[in-house]
Amino acid sequence: VRGRVVGADGTPLPSACGAGCANFMKVPGIGEADWIPARLDGDGAFVITGLRSDLHYWLMARAPGRGMRTYALPRLLADGERGELGDVVLSASAVVEGRVVDDRGAPLVGVSVTANGRNADAFRWTGGDAKVGDVSQFEGRSAKTDGSGRFRLPDLSGGRWRIVFTPRGRSEPIEQEVLLHEGEVRSGLEFVVPLGLSIAGTLVAVDGKPFVDWVQLEAIREDDATPARGSARVAPDGGFRF
């Protein structure tokens, strides 16, 4: 397949990069991805070769300061066929900014926050037919919170995005859905993680000294209709806290 990556004004983007990808099951229960980088020249033109005729591929294109876009290719291509995709237009980047704190207002540092989604017109080449297997590798951007608990997720396209993270020691994610417009900077998102109750103690060996080998403990509640599970690492001094 061939095409060209350009800006909203039609100017070629020589700094762009792209790839084609299709996921498939190698054997039952084991999935693989056929990921093929695009070759680009100086005027934004690209070519992706070696696509399999039995897989329906997606295209991903991105450039600095532009919103990443993904498109399902129009259809499967026959052996030896060449597909012309035309111009892939990258608009100005949309951005999501926010903060993660606990219920006392203290920042949570080093939390990995992910934006999952894609541009609203991802199926325009298929005529709106969305019956094409997703390529999750093209649908996520992640960032970690800084010392103030703040995060910034740039290079997003206009569309519906799910902002999600899982607090340490918990299995249930916290998420919020946002609808972005092209080039929009959405700031002020705040996620509050309730501290809740805690269980703390010290793990010791049979001789009473702190148990310093690597240990992860689990706390499991199974006495009602909503079982819950938490995990905690044991510190070098043997202390732990759920």
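**Contacts, pockets and cavities in an all-strand chain**

Outside its neighbours within four places in sequence, T114 is in contact with R141, S142, L153, R162, I163 and V164. These contacts, like every value below, come from a predicted model. T114 belongs to strand β10, which covers residues 112-117. The relative accessibility of T114 is 17%, and T114 is therefore classed as buried, the cut-off being under 20%. With S142, one of the residues on the contact list, T114 also forms a polar contact, side chain to side chain, at 2.7 Å.

For the chain as a whole, the secondary structure consists of 19 strands and zero helices. Of the 242 residues, 38% are buried. The radius of gyration is 23 Å, whereas a compact globule of 242 residues would have a value near 18 Å. Along the principal axes, the C-alpha atoms occupy a box of roughly 70 × 45 × 35 Å. When contacts between residues at least 6 apart in sequence are considered, 63% of them join residues at least 24 apart.

D9 provides a case of an exposed position. This residue lies in the loop that connects β1 (2-7) with β2 (17-27). D9 has a relative accessible area of 63% and so counts as exposed, for which the cut-off is over 50%. The side chain of D9 is in polar contact with the side chain of T11, at 3.0 Å. The separation of D9 from V101 is 92 residues along the sequence and 40 Å in space, taken from C-alpha to C-alpha.

E81 is located in another loop, the one between β7 (69-72) and β8 (84-90). Its relative accessibility of 30% falls between the 20% and 50% limits, so E81 is classed as partly exposed. A polar contact of 2.4 Å links the side chain of E81 to that of R75. E81 and L51 are 30 residues apart along the chain, and 9.8 Å separates their C-alpha atoms.

Empty space in the model was examined next. Rolling a probe the size of a water molecule over the atoms shows where such space is left. The second largest pocket has a volume of about 230 Å³. It is lined by 16 residues, of which V1, I48, G50, E81 and R82 are the closest to its centre. E81, the partly exposed loop residue, is thus described both by its polar contact with R75 and by its place in this lining. By class, the lining of the second largest pocket comprises six nonpolar, five polar and five charged residues.

Cavities were counted as well, and three of 30 Å³ or more were found. The largest cavity holds about 40 Å³ of space. Its lining is formed by L51, R52, L55, Y57, L73, R75, L76 and L77. Six of these residues are nonpolar and two are charged, while no polar residue is present. Two residues named above in connection with E81 recur in this lining, namely L51 and R75. R75 supplies the side chain for the 2.4 Å polar contact with E81, and L51 is the residue whose C-alpha atom lies 9.8 Å from that of E81. E81 itself is among the residues closest to the centre of the second largest pocket.

How values were computed
Residues are numbered from 1 along each chain as its sequence is written. This is a predicted model: local features need pLDDT of at least 70, side-chain atom pairs count only at pLDDT 80 or more; totals for chains, interfaces and linings use all residues. Side-chain values use heavy atoms; hydrogens and water are left out. On a 1 Å grid over the protein atoms alone, a cavity is a set of points where a 1.4 Å probe fits but cannot get out, and a pocket is an open set with protein on both sides within 12 Å along at least five of seven lines; lining residues have an atom within 4 Å of a point. Grid points are joined across faces, edges and corners, and a volume is the space filled by probe spheres set on the points. Ala, Val, Leu, Ile, Met, Phe, Trp, Tyr, Cys and Pro count as nonpolar, Asp, Glu, Lys and Arg as charged, and the others, Gly among them, as polar. Helices (H or I, at least four residues) and strands (E, at least two) are DSSP runs, numbered from the N terminus. Buried means under 20% relative accessible area, exposed over 50%, partly exposed in between (1.4 Å probe, protein chains only). A polar contact is a pair of N or O atoms within 3.5 Å; within protein, one must be able to donate a hydrogen and the other to accept it, and residues adjacent in sequence count only if both atoms are side-chain atoms. The radius of gyration is taken over C-alpha atoms; the globule rule is 2.2 Å times the number of residues to the power 0.38. Contact means heavy atoms within 4.5 Å.
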